[in-house]
Amino acid sequence: MSTDQRGTFIALEGIDGSGKSTQIRMLSDWLQERQISVYVTMEPTDGPIGTMIRQILTGRMQADPRVIAALFTADRLDHLLNEVNGIVHKIRAGTSVIMDRYYFSSYAYQSVDIPMEQLILANAQSSEILRPDVNIFIDIEPELAMERIAQNRFHRELFEEKSRLASVREKYMEAFERLKDTEKVVMIDGNQDQKKVAQDIQAAVQEYFRFGREETAGRYRE
Ligand code: TYD
């Protein structure tokens with residue numbers, strides 16, 4: 001299969017309150033306006049394993065951090081491989097996929113309890129099956145993230161305390177540094193206004209789409 005038939009795979013990452021959901025909506029609209037077929041999806045998923053994870057995150061179910069890490073890994077594999085709406089199939093069929101969190105979320109959030117090498121090893125199957133064309137990290141001050149969370153949500157989830165957010169951000173940075181030779185990561189300043197953040201994300205992804213390459217080629221011809 002030629003690479004042009006394959007969909008683009010973009011993973012969006014950030015601490016809670018980074019504005020990821022809004023940016024994903026804006027990115028998806030922007031791509032659709034350019035005739036790109038886009039599928040937006042998230043982890044944890046709304047499948048059976050993801051549903052169990054959400055029960056744990058909201059405190060309705062209890063589990064050891066090692067079990068939580070294993071559930072995220074299993075949820076991810078199911079997300080990639082399941083026959084009904086698996087991502088691998090969609091990408092091969094030419095649909096582009098925007099993923100709200102992928103394995104870098106596990107490296108950042110679960111490494112508070114579990115050594116990061118173990119998490120990277122545990123997710124090796126996912127990275128071998130499908131590595132994002134680009135991981136977009138929306139970087140925001142934990143302070144600002146907390147303010148947004150307080151405004152927008154009715155309940156506080158397990159990972160939403162400020163010091164927790166600050167250490168998750170540090171872990172993201174550590175993971176990006178560790179994997180810099182194998183993963184494409186673009187940092188976006190998420191402290192700016194939403195429109196500017198959206199433009200920075202568009203600029204970061206456009207080279208992965210045919211229209212982006214044509215626009216670039218056009219500029220070179222001028
Ligand atoms: P969610 O309410 O979807 O948060 P958000 O909109 O910020 O993505 O909850 C997802 C939570 O799960 C979030 O706190 C991050 C956490 N998480 C992990 O700890 N490990 C993972 O591998 C993933 C995908 C998410």
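Start by selecting Arg54 and the ligand: an N or O atom in the Arg54 side chain is 3.4 Å from an oxygen atom of the ligand. Keep in mind as you click around that this is a predicted model.

Leave the ligand on screen and add Lys20. One of the polar atoms in the Lys20 side chain lies 3.1 Å from a ligand oxygen atom. Now add Arg101, where a polar side-chain atom is 2.7 Å from an oxygen atom of the ligand. Want the wider surroundings? There are 15 residues around the ligand, and the ones that come nearest are Asp16, Arg76, Arg101, Ser106 and Gln110.

Next stop: a pair of helices. Select residues 48-57, which make up helix H2, and residues 65-81, which make up helix H3. Two packed helices are described by the angle between their axes and the distance between the axes. For H2 and H3, the angle is about 150° and the axes are 9 Å apart. Angles over 145 degrees count as roughly antiparallel, so that is the label for H2 and H3. Their crossing is left-handed. Show the side chains to see who touches whom: H2 brings Ile49, Gly50, Met52, Ile53 and Ile56, while H3 brings Ile68, Leu71, Phe72, Ala74, Asp75 and Asp78. Try colouring this contact by class, and you'll get eight nonpolar residues, one polar and two charged.

Now slide back along the chain to the loop between strand E2 (38-42) and H2, where you'll find Pro44. Zoom in on the link between Glu43 and Pro44: the peptide bond there is cis, with omega at about -5°.

A little further back, pick out Gln35 in the loop between helix H1 (20-33) and E2. What is phi of Gln35 near? It is near 65°, a positive value in a residue other than glycine.

For the last stop, select helix H8 (residues 142-152) and helix H9 (residues 162-178). Their axes come within 9 Å and cross at roughly 130°, so H8 and H9 are oblique to each other. The crossing of H8 past H9 is right-handed. On the H8 side, click Pro142, Glu143, Ala145, Met146 and Ile149; they meet Lys162, Leu165, Ala166 and Arg169 of H9. Colour by class once more: the contact of H8 with H9 has six nonpolar residues, three charged ones and no polar ones.

Methods: Residues are numbered from 1 along each chain as its sequence is written. This is a predicted model: local features need pLDDT of at least 70, side-chain atom pairs count only at pLDDT 80 or more; totals for chains, interfaces and linings use all residues. Side-chain values use heavy atoms; hydrogens and water are left out. Axes are lines fitted to C-alpha atoms, for helices over the stretch in contact, and angles run from 0 to 180 degrees between N-to-C directions. Helices (H or I, at least four residues) and strands (E, at least two) are DSSP runs, numbered from the N terminus. Angles under 35 degrees count as roughly parallel, over 145 as roughly antiparallel, 65 to 115 as roughly perpendicular and the rest as oblique. A crossing is left-handed if the near helix is turned anticlockwise from the far one by less than a right angle, and right-handed if clockwise. Contact means heavy atoms within 4.5 Å. Ala, Val, Leu, Ile, Met, Phe, Trp, Tyr, Cys and Pro count as nonpolar, Asp, Glu, Lys and Arg as charged, and the others, Gly among them, as polar. A residue is near a molecule or strand if one of its heavy atoms lies within 4 Å of it. A polar contact is a pair of N or O atoms within 3.5 Å; within protein, one must be able to donate a hydrogen and the other to accept it, and residues adjacent in sequence count only if both atoms are side-chain atoms.
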